[in-house]
Amino acid sequence: MLKKFLTSAMSGIALLMATGCAHVGAATAELPTQSFVQIYRSTNVILCAESENNEPPECTSNIRGPIRSTASGVLVKNWRNNSFLFTAGHFCESFEMSPSDVPPWAAPFPVAEVKFEDTFTIIDIDGNEHTGIVLNYDMSIDACFMSSDIISKRPVGIASRGANPTEEVWNLAAPLGVYYTGTVPTFRGYYAGIGGPNGGGVYTDLPVAPGSSGSMILIQIGGEYYLTGLVHSVDTRLPEIAYGVTHSQLVEFYEISWKMYTDSLPRLVLIPPAF
């Protein structure tokens, strides 16, 4: 339902898609800020009447304007002329709305069909805009895999392991949409273990908020930072407890999504592995 997308909350767990005292400090190695992106979604609602005499149906768009939201994302691969990214699944999830839910003032005719047209705009760290396409999303873990025209930045590497309980983690995000060209809010917290929604990870001391959805969670291995998970929600009762996609969930989702994408390509194309 449309209402679900606009105000998502379950048992004190709030999804972190924005509509419209934490640890913050210096990392011991260079954090992959070049891999951070902010993503905007604009959705037009299209209302259509019954088709008559095999003619195209009469339609009208935008119930009081498009629906707008924002999330964080992370660049994980550049290949050929495309870039590939992760963000939160609920940010990419398709809208659903029954004609019976449309208020009578919204269209000058009885509504027989409701359609949605999405535009995703990806903003890299230099402020450049790119057009995003949703390739796959999985709401069972709340993850989304997207492509765009090439983002000429260094993708972050995916960790060879997940975080260990009490291990320090880093989060690069745009909570409440706070993000500036060349500047990415950076936070330090800890991995607590498995136990969040969807069998995900629990993280403490990360000040997540709407707009943090899809942001990267990093661990340090051998002096370098690697992607180990994604933020997707927060415990509204204690906002410094965040929930996210685990390393094992992320790896499995990436492999499935990459295979789905490459299977759609011509067979003459030489396909690289996901990692």
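Two strands count as paired if DSSP finds at least two bridges between them. Helices (H or I, at least four residues) and strands (E, at least two) are DSSP runs, numbered from the N terminus.

This is a predicted model, in which local features need pLDDT of at least 70, side-chain atom pairs count only at pLDDT 80 or more, and totals for chains, interfaces and linings use all residues. Residues are numbered from 1 along each chain as its sequence is written, and side-chain values use heavy atoms, with hydrogens and water left out.

**The chain as a whole**

The protein chain holds three helices and 15 strands. Of its 275 residues, 51% are buried. Buried means under 20% relative accessible area, exposed over 50%, and partly exposed in between (1.4 Å probe, protein chains only). The chain exposes about 13000 Å². Carbon and sulfur atoms supply 52% of that area. Accessible areas come from the Shrake-Rupley method with a 1.4 Å probe; for residues, only the protein chains shown count as cover.

**Strand β5 and its partners**

Strand β5 spans residues 67-79. Eleven of its 13 residues are buried, so the rest of the structure largely encloses this strand. β5 pairs with strand β3 (residues 36-48) through eight bridges, in the antiparallel sense. Within this pairing, Tyr40 stands opposite Thr70 of β5. β5 also runs antiparallel to strand β6 (residues 82-88), joined by five bridges. Trp79 has Asn82 in β6 as its bridge partner.

The hairpin of β5 and β6 has two residues between the strands. Arg80 sits in this loop. Its phi is positive, near 55°. Most residues other than glycine have a negative phi. Thr166, in the loop between β9 (143-149) and β10, also has a positive phi, near 75°.

**Four loop residues**

The table sets out loop positions and accessibility.

| Residue | Loop between | Relative accessibility | Class |
|---|---|---|---|
| Arg80 | β5 and β6 | 53% | exposed |
| Phe109 | α2 (89-92) and β7 (113-123) | 13% | buried |
| Thr166 | β9 (143-149) and β10 | 65% | exposed |
| Leu176 | β10 (168-172) and β11 (186-194) | 60% | exposed |

Leu176 joins Val178 and Tyr180 in a nonpolar surface patch of about 320 Å². Patches are made of residues with over 30% relative accessible area and no salt bridge; like charges are joined within 9 Å, and nonpolar side chains (Val, Leu, Ile, Met, Phe, Trp, Tyr) within 5 Å. A salt bridge is a side-chain nitrogen of Lys or Arg within 4 Å of a carboxyl oxygen of Asp or Glu.

Phe109 counts as buried because its relative accessibility is 13%. Neighbours within four places in sequence aside, Phe109 is in contact (heavy atoms within 4.5 Å) with Leu47, Cys48, Ala49, Glu58, Cys59 and Thr60. The C-alpha atoms of Phe109 and Glu50 are 9.1 Å apart, with 59 residues separating the two along the chain.

**Thr228 in strand β14**

Thr228 belongs to strand β14 (residues 224-235). Thr228 is buried, at 2% relative accessibility. Its side chain reaches the backbone nitrogen of Ala163 at 3.5 Å. Beyond its neighbours within four places in sequence, Thr228 is in contact with Ala159, Arg161, Gly162 and Ala163, among others. Its contacts also include Ile217, Leu218 and Ile219. Val245, Thr246, His247 and Leu250 are in contact with Thr228 too.

Conventions. A polar contact is a pair of N or O atoms within 3.5 Å; within protein, one must be able to donate a hydrogen and the other to accept it, and residues adjacent in sequence count only if both atoms are side-chain atoms.
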